[in-house]
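Please work through the following exercises with the sequence and the coordinates open beside you. Each one sets a task and is followed by a solution that goes step by step.

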Amino acid sequence: MPLSTPAKNTLIWGAIVLAFVLALWLLGPVLTPFVVAAVLAYVLGPVVERLHRAARRLTGLNFPRWLLVLLVELLALLLVLGLLLLLVPVLVREWPLLRAQLPALLDRLNVAVQPLLGQLGVTVSLDLAGLKVALTKHLSGNLEDSMTSLMKSLQIGGSVALTLLGHLVLIPVALYYLLLDWPRLLYRLREWVPPRLHAACDSFVHEADEVLGHYLRGQLLVMIVLAVYYSIGLSLFGLDLALPIGVFTGLAICIPYVGFGVGLLLALLAGLLEFGGMDGGMGRVALMLTVIYGLGQTVESFYLTPRLVGDRIGLHPLGVIFALLAFGQLFGFVGILVALPASAVLLVAARRLRSRYHGSSLYRDGPDAGRT
């Protein structure tokens with residue numbers, strides 16, 4: 001039985017989409033910097049356009065686009081560096097304390113952990129004397145020497161460092177060219193769409209753009225709420241570095257799991273060094289991390305992100321959780337980064353498919369048509 005023209009077109013478009021998804025899956029590691037650059041270009045593209053219009057309105061001059069792109073990318077880089085610089089007071093303050101208090105901290109940790117392990121029937125023999133000598137030797141020098149020694153001791157440090165360095169170089173370069181040619185790229189992509197589908201395609205892109213805008217605003221709101229929450233929560237426990245650690249944890253939450261994990265480690269380190277020498281200090285640190293970070297992660301995962309992000313893009317809270325897990329499984333860390341934006345676009349496509357299905361003869365004239 002020969003296929004009708006609409007059926008053939010559907011099969012062709014389905015094959016194209018399948019080939020595209022398969023290419024993304026196979027080339028995931030290679031595409032990582034380009035995907036990150038594309039996401040950043042989508043976010044920063046409107047900034048370049050508004051800056052171009054504002055500069056022309058205020059000065060009457062038509063500034064070259066490459067200059068505006070460099071300015072916007074430089075500002076974005078400064079924001080990222082500002083986030084990383086929040087770690088500087090943590091390292092400057094805690095590194096000397098770590099060298100001085102490490103032996104006592106290991107003794108206290110051993111005293112606190114061994115009885116708990118014994119109650120669970122786990123027997124662990126730790127060479128604390130040798131461990132203290134080795135760690136003290138590594139920490140006795142300056143920070144640069146210790147980091148160099150650490151990198152040399154990592155067996156996988158070479159390949160990981162080269163990959164990371166390559167991404168750090170490639171992402172800004174790719175972002176520059178994407179921002180420079182963004183309007184032209186969008187026009188070229190539109191040329192691939194058959195003229196008869198231009199109206200439908202433009203409508204779809206406009207709706208997807210609105211949904212992604214809601215997502216970005218919701219994600220920014222989550223970051224601000226968490227930055228305030230962690231800063232205030234750590235301050236209530238008396239942590240001196242509550243502000244930089246809390247702000248860093250809240251803003252870095254945009255990187256799923258990594259931002260929270262780094263913030264948790266920083267709070268653990270700061271808490272041990274500040275409270276570890278006090279009576280009941282270990283319990284205070286454990287309570288602080290359990291209450292502040294446990295509650296924060298629970299609220300963020302099951303309320304803030306589903307409500308402030310999921311509701312804004314029309315995605316059910318369970319859909320948010322499933323999207324993060326599914327995209328992470330398929331595309332790794334990059335999949336986690338793009339899970340919610342990609343889900344927002346897929347949601348728009350699903351709505352349109354449902355609308356067409358409800359208006360089709362398959363839905364209206366099925367075997368149950370007319371039944372009540």
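## Exercise 1: a nonpolar patch

At 46% relative accessibility, Leu75 counts as partly exposed, and this value comes from a predicted model. Determine in which helix Leu75 is found and which residues make up the nonpolar surface patch.

Solution. Begin with the location: Leu75 is found in helix α3, which covers residues 65-85. Next, check the class, which for partly exposed residues lies between the limits of 20% and 50% relative accessible area; the 46% of Leu75 therefore places this residue in that class. Finally, list the patch, which is made by Leu71, Leu74, Leu75, Leu77, Leu78, Val80, Leu81 and Leu84 and has an area of about 690 Å².

## Exercise 2: the fold and a charged patch

State how many helices and strands the chain has, what share of its residues is buried, and which residues gather in a patch of positive charge.

Solution. Counting the elements gives 14 helices and 0 strands. For burial, the chain has 372 residues, and buried residues make up 28% of them. The patch of positive charge on the surface is a gathering of Arg50, Arg53, Arg56 and Arg57. Of these, Arg53 can be placed in helix α2, which spans residues 28-59, and with a relative accessibility of 45% Arg53 counts as partly exposed. Helix α2 also holds Ala38, whose C-alpha atom is separated by 8.9 Å from that of Leu179, although the two residues are 141 residues apart along the chain.

## Exercise 3: a salt-bridge network

Identify which residues are joined with Glu207 into one network of salt bridges, and explain which parts of the chain the pairs tie together.

Solution. The structure holds 5 salt bridges, and the step that matters here is to apply the limit of 4 Å between a side-chain nitrogen and a carboxyl oxygen. Glu207 and Arg351 meet this limit, with their closest N and O atoms 3.9 Å apart. Because Glu207 lies in helix α9 (residues 198-236) and Arg351 in helix α13 (residues 317-358), this pair ties together parts that are 144 residues apart in sequence. Glu207 also forms a salt bridge with Arg352, for which the closest N and O atoms are 3.1 Å apart. Arg352 lies in helix α13 and Glu207 in helix α9, so here the parts tied together are 145 residues apart in sequence. The shared partner joins Glu207, Arg351 and Arg352 into one network. As for accessibility, Glu207 is partly exposed at 24%, as are Arg351 at 31% and Arg352 at 27%.

## Exercise 4: aromatic pairs

Classify the ring pair of Tyr176 and Tyr177, and then do so for the pair of Tyr229 and Tyr230.

Solution. The count comes to 4 aromatic pairs. Tyr176 and Tyr177 have a centre-to-centre distance of 5.3 Å and 75° between their planes, which is an edge-to-face arrangement. The centres of Tyr229 and Tyr230 are 5.1 Å apart and the planes stand at 65°, so this pair is edge-to-face as well. Turning to burial, Tyr176 is buried at 19% relative accessibility, whereas Tyr177 is partly exposed at 47%; Tyr229 is partly exposed at 25%, while Tyr230 is buried at 0%. As a last step, follow the ring pairs onward from Tyr229 and Tyr230, which they link with Phe260 and Tyr293 into a cluster.

Technical notes: Residues numbered from 1 in each chain as written. Predicted model: local features only at pLDDT ≥ 70, side-chain atom pairs only at ≥ 80, totals over all residues. Heavy atoms only, no water. Patch = residues over 30% accessible without salt bridge, like charges linked within 9 Å, V, L, I, M, F, W, Y side chains within 5 Å. Areas by Shrake-Rupley, 256 points an atom, 1.4 Å probe, with all protein chains shown as cover. Lys, Arg positive; Asp, Glu negative; His and termini not counted. Charge placed at Lys NZ, Arg CZ, Asp CG, Glu CD. Helix = DSSP H or I, 4+ residues; strand = E, 2+ residues; numbered from the N terminus. Buried < 20%, exposed > 50% of the residue type's maximum accessible area, 1.4 Å probe, protein only. Phe/Tyr/Trp six-rings, centres within 6.5 Å; stacked < 30°, edge-to-face > 60°.
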